Amino acid sequence: MEKMSRKTLVIGASLNESRYSNIAIHKLIANNHFVEAIGLTKGTIADVIVNTERILFENIDTITLYLSPLNQKKFYNYVVNLKPSRVIFNPGTENKEFENILEQNGIKTEIACTLVLLSTNQY
C-alpha cells in the first residue's frame, strides 16, 4: 500500500458536491492524503466520515478551514489543542483574530486556496 501523506483535517466539510470543502476532500484523497473531516451534517465524502463532533484527532499536520470567521470562534481552542503544523484559511475564511491566536501558539497560518495548492503541487 502506498504511504499516506501527512494528515489533513477539513473543518466545515459539506456533503454538497458543489461545495469547495467537498471538492477539496476528493482532491486530497486523490493526492494520497489521509483526511479527517468535521461538518454540520454526518455523512461520508469519498470514504471519509464527516464527524459533527470536535474529535481530538491524533497527528493532524494541516487544518484547512471552510468556515466563516464568525463560525470559527467556537473552534479556536479546539484547533489550538490539536497542535497542527499549519492552518489554511481558504478564500472567505480570513480571520486576523484567529491567525494571531494560532501564531501565538506556534502554529503557522496560510491564506491560500487548498484546491490551488493541490493543483500546483504546493500542498
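Helices and strands, as counted here, are DSSP runs of at least four residues for a helix and at least two for a strand, numbered from the N terminus. With that in hand, let us walk through this predicted model. The protein has 5 helices and 7 strands. Follow the chain along its sequence and you meet them in the order β-α-β-β-β-β-α-α-β-α-β-α.

Now step back and look at the overall form. The C-alpha atoms fill a box of roughly 35 × 30 × 25 Å along the principal axes. How does the radius of gyration compare with that of a compact globule? For 123 residues, a compact globule would come near 14 Å, and the protein has 13 Å, so the two agree. The contacts tell you about the fold as well: among those with a separation of 6 or more, 54% are between residues 24 or more positions apart.

Next, consider outside and inside. The accessible surface comes to about 6900 Å², and carbon and sulfur atoms hold 51% of that. The protein carries 13 positive and 12 negative charges, and the mean positions of these two groups are 2 Å apart. As for the inside, 46% of the 123 residues are buried.

What gathers in the interior? In soluble globular proteins, nonpolar side chains tend to be buried together. Here, the largest nonpolar core has 19 residues, and those touching the most other members are Leu 9, Ile 11, Ile 63, Tyr 78, Val 79, Val 87 and Leu 102. At least two residues of this core come from each of strand S1 (5–13), strand S5 (60–65), helix H3 (76–82), strand S6 (86–89) and helix H4 (96–104). Helix H3 gives the most, with 5 residues.

Try finding Ile 63 in the structure. Leaving out residues up to four places away in sequence, Ile 63 touches Leu 9, Ile 11, Val 79, Leu 82, Pro 84, Arg 86, Val 87 and Ile 88. Apart from the largest core lies another one, made of 17 residues, including Val 10, Ile 88, Ala 112 and Leu 115.

Finally, visit Gln 72, which lies in helix H2 (residues 69–72). Is Gln 72 buried or exposed? Buried means under 20% relative accessible area, and Gln 72 has 0% relative accessibility, so Gln 72 counts as buried. Which residues does Gln 72 contact, beyond its neighbours within four places in sequence? They are Leu 65, Leu 67, Phe 89, Thr 93, Asn 95 and Phe 98.

Technical notes. Residues are numbered from 1 along each chain as its sequence is written. This is a predicted model: local features need pLDDT of at least 70, side-chain atom pairs count only at pLDDT 80 or more; totals for chains, interfaces and linings use all residues. Side-chain values use heavy atoms; hydrogens and water are left out. The radius of gyration is taken over C-alpha atoms; the globule rule is 2.2 Å times the number of residues to the power 0.38. Buried means under 20% relative accessible area, exposed over 50%, partly exposed in between (1.4 Å probe, protein chains only). Contact means heavy atoms within 4.5 Å. Accessible areas come from the Shrake-Rupley method with a 1.4 Å probe; for residues, only the protein chains shown count as cover. Lys and Arg count as positive and Asp and Glu as negative; His and the chain ends are not counted. The place of a charge is taken as NZ of Lys, CZ of Arg, CG of Asp or CD of Glu. A nonpolar core is a set of buried Ala, Val, Leu, Ile, Met, Phe, Trp, Tyr and Cys residues joined through side-chain atoms within 4.5 Å.
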